[in-house]
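Me: I would like to go through this model and ask, term by term, what each label rests on.

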Amino acid sequence: MSTKVEATIEDLYKIEGKAELVNGEIVLMSPTGGLPHYAARQITISLVSYERTTGKGVAIGDNTAFVVTLPHRKSFSPDAAFYSGKLTMKFSEGAPVFAVEVRSDGDYGPRAERRMAAKRADYFAAGTLVVWDVDIVSDDVVKVYRASEPELPTVYKRGQLAEAEPALPGWTMPVDDLFFQENEE
């Protein structure tokens with residue numbers, strides 16, 4: 001009989017690339033395509049501007065780990081985030097106040113929807129106030145989920161300003177900024 005050893009945060013430090021620690025296992029996350037990465041980068045850029053304007057918290061880009069203490073999850077690695085804790089050379093301790101998950105090719109269908117809903121529930125259980133579900137191939141581009149009403153997202157489409165209240169008071173971002181515009185030469 002073999003016994004399975006649960007992975008730890010120390011094991012996560014040894015992983016090259018993006019991963020999370022869920023149910024005692026290292027869950028590797030595939031690299032994303034250019035358009036989802038572009039959307040996540042644009043959100044991070046906007047969050048940096050908010051950070052500089054308010055002097056509160058820090059904008060976090062892709063591939064940063066946040067250590068949490070949930071029964072079945074020990075870390076998150078969102079595509080973009082805003083964090084109010086202290087930065088160190090180690091993974092950030094605690095959940096971000098705002099987390100962004102940008103959908104990639106594998107994030108569609110009933111199974112993916114269940115996974116994403118479970119991850120949002122984990123974010124809220126860990127203390128995240130707002131989670132964006134960004135889908136650049138849908139008319140409903142940004143779904144804003146709040147810990148206070150996790151089943152009632154606010155939906156933003158192209159041409160609208162999305163927000164992350166109450167996590168980021170006063171911050172908005174044009175949904176159109178999530179889309180790459182070809183340079184005309």
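**Labels and their grounds**

Reply: In this predicted model, three strands make up an open sheet with mixed pairing, in the order E5-E4-E7. Strand E5 (75-76) and E7 are its edges, each with a single partner strand, so one side of each has no neighbour in the sheet.

Me: What makes E4 and E7 a pair, and in which sense do they run?
Reply: Strand E4 (residues 66-67) and E7 share 2 bridges and run parallel. Pairing requires at least two bridges, so they qualify. Phenylalanine 66 has serine 92 in E7 as its bridge partner.

Me: Which residues does leucine 87 touch, leaving out those up to four places away in sequence?
Reply: Leucine 87 touches Val58, Ile60 and Ser92. Leucine 87 sits in the loop between strand E6 (80-83) and strand E7 (92-93).

Me: Why is leucine 87 called partly exposed?
Reply: The relative accessible area of leucine 87 is 47%. Buried requires under 20% and exposed over 50%, so a value in between is called partly exposed.

Me: How many helices and strands does the protein chain have?
Reply: The protein chain has 3 helices and 13 strands. Its radius of gyration is 16 Å, close to the 16 Å from the globule rule for 185 residues, so the chain is as compact as a globular protein of that length. Of the 185 residues, 43% count as buried.

Me: What makes E1 and E2 a hairpin pair?
Reply: E1 and strand E2 (residues 25-28) are joined by 4 bridges and run antiparallel. The requirement is at least two bridges, so E1 and E2 pair. Alanine 19 has leucine 28 in E2 as its bridge partner. The hairpin has 2 residues between the strands, and asparagine 23 takes a positive phi near 55 degrees.

Me: Which way do the side chains of strand E1 point?
Reply: In strand E1 (residues 19-22), Ala19 and Leu21 point one way, Glu20 and Val22 the other way, and all are buried. In a regular strand, side chains alternate between the two faces of the sheet.

Me: Why is the contact between arginine 103 and aspartate 133 called a salt bridge?
Reply: The closest N and O atoms of arginine 103 and aspartate 133 are 2.7 Å apart. The cut-off is within 4 Å, so the pair counts as a salt bridge. Arginine 103 is in the loop between E8 and H3 and aspartate 133 in strand E9, so the pair ties together parts that are 30 residues apart in sequence.

Me: How do you know that arginine 103 and aspartate 133 are buried?
Reply: Arginine 103 has a relative accessible area of 4%, and aspartate 133 also has 4%. Buried means under 20%, so both are given that label.

Me: What other salt bridge does arginine 103 form?
Reply: The side chains of arginine 103 and glutamate 113 meet in a salt bridge at 2.6 Å, N to O. Glutamate 113 belongs to helix H3, and arginine 103 to the loop between E8 and H3, 10 residues apart. Glutamate 113 is partly exposed, because its relative accessible area of 36% is neither under 20% nor over 50%.

Me: Why does aspartate 135 have no salt bridge?
Reply: Arginine 103, the nearest side chain of opposite charge, is 4.2 Å from aspartate 135. A salt bridge has to be within 4 Å, so this pair does not count. Aspartate 135 is nevertheless buried, in the loop between strand E9 (130-134) and strand E10 (142-146).

Me: What makes the approach of aspartate 135 to tyrosine 108 a polar contact?
Reply: Their side chains are joined at 2.6 Å. The limit is within 3.5 Å, so the distance meets it. The side chain of aspartate 135 also reaches the backbone nitrogen of valine 137 at 3.2 Å.

Me: How do you know that E10 pairs with E9 and with E11?
Reply: E9 and E10 are joined by 5 bridges and run antiparallel. E10 and strand E11 (residues 149-156) are antiparallel too, over 4 bridges. At least two bridges are needed, so both pairings stand. Lysine 143 of E10 stands opposite aspartate 133, and its bridge partner in E11 is valine 155.

Conventions:
Residues are numbered from 1 along each chain as its sequence is written. This is a predicted model: local features need pLDDT of at least 70, side-chain atom pairs count only at pLDDT 80 or more; totals for chains, interfaces and linings use all residues. Side-chain values use heavy atoms; hydrogens and water are left out. Buried means under 20% relative accessible area, exposed over 50%, partly exposed in between (1.4 Å probe, protein chains only). Contact means heavy atoms within 4.5 Å. Lys and Arg count as positive and Asp and Glu as negative; His and the chain ends are not counted. A polar contact is a pair of N or O atoms within 3.5 Å; within protein, one must be able to donate a hydrogen and the other to accept it, and residues adjacent in sequence count only if both atoms are side-chain atoms. The radius of gyration is taken over C-alpha atoms; the globule rule is 2.2 Å times the number of residues to the power 0.38.
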